[in-house]
Amino acid sequence: MTTHAPQTTRSVTLPTSLDEAVAALTAMPAAVPIAGGTDLMVAVNKGRLRPAGLVGLSRISEIRGWRYQDGHALLGAGLTHARMGRPDFAALIPALAASARAAGPPQIRNAGTLGGNIASSAPTGDTLPVLAALEADLIIAGPGGARREIPVAQLLAGRDMLAPAELIGYVRVPLLHAPQVFLKATGRTGPGRATASVAVVLDPARRGVRCAVGAIAPMPLRPLEAEQWIASYIDWDGERGLAGEALVAFGEYVAAACIPDPPPAPAGMEQPVHPPAVLHLRRTVAALARRALGRALS
Ligand SMILES: Cc1cc2nc3c(=O)[nH]c(=O)nc-3n(C[C@H](O)[C@H](O)[C@H](O)COP(=O)(O)OP(=O)(O)OC[C@H]3O[C@@H](n4cnc5c(N)ncnc54)[C@H](O)[C@@H]3O)c2cc1C
């Protein structure tokens, strides 16, 4: 369906399938896709973006739900944060549900989508560290019914971009059937953008701990050595508990990996230290990582 807004003479297309949406973008390369509009309309309202046309994704029912597939959940890019925050979804992928519940005030969560969060790739995107820790993949729809699958981390790192007319169709997330936690710090009370966030995911089948830190860099950071180190101390066949000192050490390890010490000063010079704001951020990351792992293991 196509309508024309008289004041702007820009076209708005509302396809009902992923392939129709891709075809609409192929036919009008200057058009941009819009899902919930919570990021895109901010850019339009601030005058940063003047799209020649919009291809609305909200009527594509195939990407608004999820289904099971080979031990994974195939999540439609059109899932809203509000939907992902509900208990049935939380039973499936608890950390993603927790991040969705933290993603802004209710009116934003009702409209904002998983695909929009990923495509915007804002450092403060709350689902992003969770998807990084889960090592999720994206299924991207392209012209002619083409589908390709890439790790979400590739897109977030800018190593693989969406080509013109491509859309994020689905997110493939492994179902780990084990505790996972997302925690977020904001600089204020109530809903707000993250100043730092941490996702911790246990993977008992691979005897692994996976952790990603969000909001402190352009993309989520994975402290791989800290993950491997702490996983070796967990009794995977027993109680899986860890002493308080080990949790503290994990938090410090994660924080130091993500916000390293300044390089050593040349001989005779005073050793540089981080400014107070950076030290505060490092302490915040350490506390979030310690608490997240503690909760996952409790
Ligand atoms: C007041 C306010 C508070 C917010 N708070 C938070 C917060 O706490 N945490 C957080 O994470 N986010 C927050 N956001 C940001 C926003 O709500 C999320 O990023 C949301 O997930 C974006 O989804 P959307 O569907 O609205 O995307 P849209 O605005 O529709 O689109 C965003 C971008 O993604 C592209 N796009 C959308 N869907 C697709 C797709 N399937 N394939 C390819 N490209 C696509 C669009 O072209 C556009 O470039 C906030 C926003 C506002 C306005």
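**Close-up 1. Helix α11 passes helix α12 in a right-handed crossing.** In this predicted model, α11 and helix α12, which spans residues 276–297, pack with their axes 7 Å apart and at an angle of about 135°. Because angles over 145 degrees would count as roughly antiparallel, this value makes α11 oblique to α12. On the α11 side the contact is made by L247, V248, F250, G251, E252, V254, A255 and C258, and on the α12 side by R282, V285, A286, A287, A289, R290, L293 and G294. By residue class, this contact of α11 with α12 divides into 11 nonpolar, two polar and three charged residues.

**Close-up 2. Helix α10 packs against helix α11.** Helix α10 covers residues 224–231 and helix α11 residues 244–258, and the two meet at an angle of about 165°, with 8 Å between their axes. That angle makes α10 roughly antiparallel to α11, and the crossing of the two helices is right-handed. From α10, the residues E225, A226, W229 and I230 meet A246, F250, Y253, V254 and A257 of α11. The contact of α10 with α11 comprises eight nonpolar residues, no polar ones and one charged residue.

**Close-up 3. An open sheet of three strands, in the order β10-β11-β12, has antiparallel pairing.** The edge strands, each of which pairs on one side only, are β10 (180–186) and β12 (208–214), and the twist from one strand to the next averages 10°. Strand β10 runs antiparallel to strand β11 (residues 194–203), and seven bridges join the two; within this pairing, L183 stands opposite V198 in β11. Helix α12 packs on the sheet, where it touches β10, β11 and β12, and the direction of the helix makes about 30° with that of β11.

**Close-up 4. An open sheet of five strands follows the order β5-β6-β9-β7-β8, again with antiparallel pairing.** Its edge strands are β5 (66–69) and β8 (146–151), each pairing on one side only. Neighbouring strands of this sheet are turned against each other by 25° on average, with direction ignored. Strand β7 (residues 137–142) pairs with strand β9 (residues 167–174) in the antiparallel sense over five bridges, and the bridge partner of D137 in β9 is R172.

**Close-up 5. Strands β7 and β8 form a hairpin with three residues between them.** The two strands, β7 and β8, pair in the antiparallel sense over six bridges, and among the paired residues G142 has A146 in β8 as its bridge partner. In the turn, G144 has a positive phi of about 70°. As general background to the pairings shown here, strands of a sheet pair through backbone hydrogen bonds, either parallel or antiparallel.

**Close-up 6. The protein chain is assigned three segments as domains, namely domain 1 (2–56), domain 2 (62–174) and domain 3 (180–297).** The centres of domain 1 and domain 3, taken over C-alpha atoms, are separated by 39 Å. The bounds of domain 2, 62–174, can be set beside the edge strands β5 (66–69) and β8 (146–151) of the five-stranded sheet. Those of domain 3, 180–297, can likewise be set beside the edge strands β10 (180–186) and β12 (208–214) of the three-stranded sheet, and beside helix α11 (residues 244–258) with its partner α10 (residues 224–231).

Note on methods
Residues numbered from 1 in each chain as written. Predicted model: local features only at pLDDT ≥ 70, side-chain atom pairs only at ≥ 80, totals over all residues. Pairing = 2+ DSSP bridges. Helix = DSSP H or I, 4+ residues; strand = E, 2+ residues; numbered from the N terminus. Axes fitted to C-alpha atoms, helices over the stretch in contact; angles between N-to-C directions. Domains from an automatic or database assignment. Parallel < 35°, antiparallel > 145°, perpendicular 65-115°, else oblique. Left-handed = near helix turned anticlockwise from the far one by under 90°. Contact = placed C-beta atoms within 7 Å. Nonpolar A, V, L, I, M, F, W, Y, C, P; charged D, E, K, R; others polar.
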